[in-house]
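Q: Please look closely at how helices pack here, beginning with one crossing. Then go on from that crossing to the aromatic rings and to single residues.

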Amino acid sequence: MSRRLLGAAGALALLTAPAWLASPYHLHVLIMAGIFAILASSLNLLLGYTGQLSLGHAAFFGIGAYASALLTLKSGWSFWLALPCAGIAAALAGWAIGRLALKLRGAYFVLVTISFAGVVSLVSINWMDLTNGPLGLPGVPAPELGPWSFRTKRAFYYLVLAAAGLAYLVCRRLVRSRIGRAFVALRENEALAESVGIDGTRYLVLAAVVSAALAGVAGSLYAHYTRFVSPEVFLFSYTVTMVIMVVAGGQGTLMGPIVGALLFTALPEALREALSWQWQMLAYGVVLIVLVFFLPRGILPTFARWRRSRASAAVTAVPDARPGC
Amino acid sequence: MLKRAIVTVLTLLPALALIPAAGDAQAPIKIGVIEPLSGPVAASGNYVRMGAEIARDWINARGGIGGRRLELVIEDNKSDPKEAASAAEKLIVRDKVPAIMGAWGSSMTLAAMPKLEEYGVPMVVETSSAGSITKRGNPWIFRISPPSDMEALGLESYVDKLGLKKADFLAVNTDWGRGSISAFGDMLKKHGVQVGAAEFMEQSATDMNAQLTKIKAAGGDTLFLTTAVEQITLVLKQGQEQRLQRKIITTGGSSSPTQLIKQAGAAAEGTYHIVFFMPWFPEAMPDGKLAKAFVDEWTKRGHPFEGLTEGFRGHDGIATLAEAVKIAGKDDAAAIRDALWKVNFTALNGPVKFDKDGPAGKESGQSKPSIFVVQIRDGKVALPDFLKK
Amino acid sequence: MEQLLQHLVNGLVLGGTYALLGIGLTLIFGLMSVVNFAHGEFYTLGAYAAFAVVAVAGLPFFAALAAAIAAGAVLGAVCERALLRPLRGQSIDTVMLVMIGVWIAMQNTELLVWGGVARSIPHPFPTAPLSLGPLNIAPLRLFVVGAAAALIVSAWLLIQRTRLGTAMRATFQDRDTAALMGVPIGRIHTVTFAFGSALAAAAGALLGPVFLAYPSMGDLASLKAFSVVILGGLGNLAGATVGGLLLGVAEELGAGYISSGYRDAVGFIAIIFMLLFRPAGLFARRERIG
């Protein structure tokens, strides 16, 4: 089965999903998977391509969600204006983090991102006048385009599908360009990259900005789908989920995070079906451990390797593991 | 080879979610239950679940509803609003429940509310206290727990008897804690009581010494404490370490005085607690026989006694829905919703009857729960000293 | 003024346990380069072990500490052998993901076994606080500080003065040379992980009676531990100790003077500032940025 055929079949399946999926609940799962696919792809830019782990990514997601919710709820803006503004708001935060933190590398960068997310989370809980604190913002309006409302699941699904597709294209363009190659060079050996004139900080800040913008867009979509935003969007567990999706799916590949997003959005729901509530999360943890054990490089790279070894082509192994922190 | 097989199976595991739900012949009546069964408030969520299960078993022992068995479909919202919404969706679409009880925390309930409107399914709210829940114009919401302002009204008649002059507040930094401070603060100010410091603690915080030092300095005669029993225990113990000497009143009904006595010991002596169920003297409840039977059944099942102050909510929620199904005569969501307006019976907490609340035309239902005050004296739970003649 | 002193005292008590957590993690994260998200779960394990020993088995309180340390060490060794050793060559993110899985699995197992209700761990100390002038401190907390200090000193002695400690330091400074010199690398890794986990468990057994034991208590502990490790410099024991104390004091002062709601934010902001001006941590030398 050639890659192209597989890709076309997948795209067709996604485009016609509302038709063949058994119930609106499945469509709901797919919508959440789409939002997380955008999130995972955005994190992948930092983690997979430039090699910097951001454990505060939920902050960009949350900033986008709140920005979009506040603009539409309190200022009466249209969703179509609020969405890009959410991306811009998150991008600004990404730029701030980039400039502040990317003089640091490795563990230090990670810690600053965690701290940043922690601060933003606490602000959202305590700044009652702006965010309504723990009471949250209910009643976020659904997007409307002239006479059409995106309130229905089906309509919103296509919106998310389009957004996810766009995000994928943006990432692909970036990764395959000169900038993308600079990212990879920085990841593999920063000193060497700098010696050929690649300004590490400048490119890493760029990666942070684009990454944050995409996450902010995902946040806006989330806010207008669930129509309720509360400080829980900043939960560390969201960041952990994103990291799982990227690493288990295959970091440093374009489709890896998307596969990871589909898998790890569907998995908890499948466990909800299969097991009673006491065992669900325990099973999730075990599945994660087993998956990583058997597929340490991530799903997509391992499948690619299997196909390659089956074809018995002579392939020189490219090291895709990041050097240690 | 085996490795590949295992991996392929694992990757395909999520496809389980695609399996269509099985249909049934003489189907039982299903009611969905959404509670936090894991995460930081897992204890409370589980107590509510246990109470719901007792209600279900009692109903089935009496022949079910209209001859049909009652079945609870229980989902965990993992203390996350996103999960609460997903759980609601799954219950409505996959399990086809005509009614739900949930979702404990106010943010969880608020997150699930749009789904109720989307699919037209009623939900009985058994614990959440945020005022906005019944004011949002969602006609599918029926709440049997008191919002913070109702709770404050419940204490109003005792303000003079307690001799409050200046009160400080310490609350958990959630919608519940904040709502409580504003509701009780307003009520106290109306009675000429001065309001001093208002401090907060994060939901997962364990060290409240900084806040207690500030409260000590504020110098009030009473401290209003709103949080769950674990944090109350810590506050009492740390207050004792700092020699904080003043009246302490806990609000919110999650204080589980029995557990406090066990865990805080002497530090809990003399403290007052607003509760919505009194398992220590069930005969004093509006339906004494029912309350006693519930306490006995709970103890028989080996559930911890301290869970009764929250477990009753699960029972009352299910009992309310069962009443509605009986009145409606069928397990259809819209019919149940209409029937809920006609519900009028006495549950464990007291009478359940819904009044209209919220914007005209889209009112939610709010019942008027009974409010009780107890005190810990001599290491036991008793009626408060100011009530004795 | 007395408020300030009280805050400082409270901060030091808290900081002592942050230091214990930090030392355990600085060995695991700093030396072994394992992003151990399950570190907080060993802390929880220690608390529940103490509960099991004291409340269930009825043994004396001091046995609880020993039991916790043993439990942490054994489970840590098992984790390392079963999960980390086979993944030794893999990327740091893969290992991180496995530890996330362990974190989820351990926490939910605890939930399953003990239930969600918080448990109180009884202790033999009187509850009335000791008064030192204007300050109040509970005897239990004094014990915690003392025990933490003793454990920290023992850890330091083990690393600096014993052959095992030398072998550990050699392995992580230059693995290949150490191997050539006959150091059993595999066993050292196991011992290091077990040791770090045992320290976390000890912290749990000490703080459990002060607070309460409940399944999600480890989440915040993990986060604080990582902060302490990076503040103090990866692999740096003295740095972790000082960093832990500083974090505890900063949090207390922030909660006391700025705002109790923003308590954790103060810690975070302090970290951000620290890293901006001294990115290598408090102790710049003797430091390994992998």
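A: The angle between two helix axes is called roughly parallel under 35 degrees, roughly antiparallel over 145, roughly perpendicular from 65 to 115, and oblique for the rest. The axes are lines fitted to C-alpha atoms, for helices over the stretch in contact, and the angle between N-to-C directions runs from 0 to 180 degrees. Helices (H or I, at least four residues) and strands (E, at least two) are DSSP runs numbered from the N terminus.

This is a predicted model, in which local features need pLDDT of at least 70, side-chain atom pairs count only at pLDDT 80 or more, and totals for chains, interfaces and linings use all residues. Residues are numbered from 1 along each chain as its sequence is written, chains are lettered from A and ligands numbered from 1 in the order in which they are written, and side-chain values use heavy atoms, with hydrogens and water left out.

Start with chain B. The axes of helix 13 (residues 308-328) of chain B and helix 14 (residues 333-340) of chain B come within 8 Å, crossing at roughly 105°. Helix 13 of chain B and helix 14 of chain B are therefore roughly perpendicular to each other. Helix 13 of chain B brings T320(B), L321(B), A324(B), V325(B), I327(B) and A328(B) to the contact, and helix 14 of chain B brings A335(B), I336(B), A339(B) and L340(B); contact means heavy atoms within 4.5 Å. By class, nine residues in the contact of these two helices are nonpolar, one is polar and none is charged. In this sorting Ala, Val, Leu, Ile, Met, Phe, Trp, Tyr, Cys and Pro are nonpolar, Asp, Glu, Lys and Arg are charged, and the others, Gly among them, are polar.

A second crossing joins two chains. Helix 12 (residues 236-249) of chain A packs on helix 4 (residues 92-114) of chain C at an angle of about 130°, with the axes 10 Å apart. That angle makes helix 12 of chain A oblique to helix 4 of chain C. From helix 12 of chain A the contact takes F236(A), V240(A), V243(A), I244(A), V247(A) and A248(A), and from helix 4 of chain C it takes D93(C), T94(C), M96(C), L97(C), I100(C) and W103(C). The residues of this contact divide into 10 nonpolar, one polar and one charged.

Next come the aromatic rings. Rings of Phe, Tyr and Trp (its six-membered ring) pair if their centres lie within 6.5 Å, and planes under 30 degrees apart count as stacked, over 60 as edge-to-face and the rest as tilted. This rule gives 35 aromatic pairs over all chains. F277(B) and F294(B) have ring centres 6.1 Å apart and planes at 80°, so their pair is edge-to-face. F277(B) is in the loop between strand 10 (272-275) and helix 12 (288-300) of chain B, while F294(B) is in helix 12 of chain B, 17 residues apart. Both F277(B) and F294(B) are buried; buried means under 20% relative accessible area, exposed over 50%, and partly exposed in between (1.4 Å probe, protein chains only). For W280(B) and F281(B) the ring centres are 6.0 Å apart and the planes at 55°, so that pair is tilted. W280(B) and F281(B) are both buried as well. Ring pairs also link Y47(B), W58(B), F277(B), F294(B), W298(B) and F312(B) into a cluster.

Some single residues remain, and the first ones concern the backbone. Most residues other than glycine have a negative phi, and most peptide bonds are trans. S256(B), which is not a glycine, has a positive phi of about 40°. S256(B) lies in the loop between strand 9 (247-251) and helix 11 (257-264) of chain B, and at 4% relative accessibility S256(B) counts as buried. N132(A) has a positive phi near 70°. N132(A) is in the loop between helix 7 (128-131) and strand 1 (137-138) of chain A and is partly exposed at 29% relative accessibility. The peptide bond from G102(B) to A103(B) is cis, with omega near -5°.

P134(A) is in the loop between helix 7 and strand 1 of chain A and is buried, with a relative accessible area of 8%. Leaving out residues up to four places away in sequence, P134(A) touches residues including I125(A), M128(A), S107(B) and R178(B). E89(B), in helix 3 (residues 81-93) of chain B, is buried with a relative accessible area of 0%. With the sequence neighbours up to four places away not counted, the residues that E89(B) touches include H28(A), K153(A), R94(B) and K115(B).
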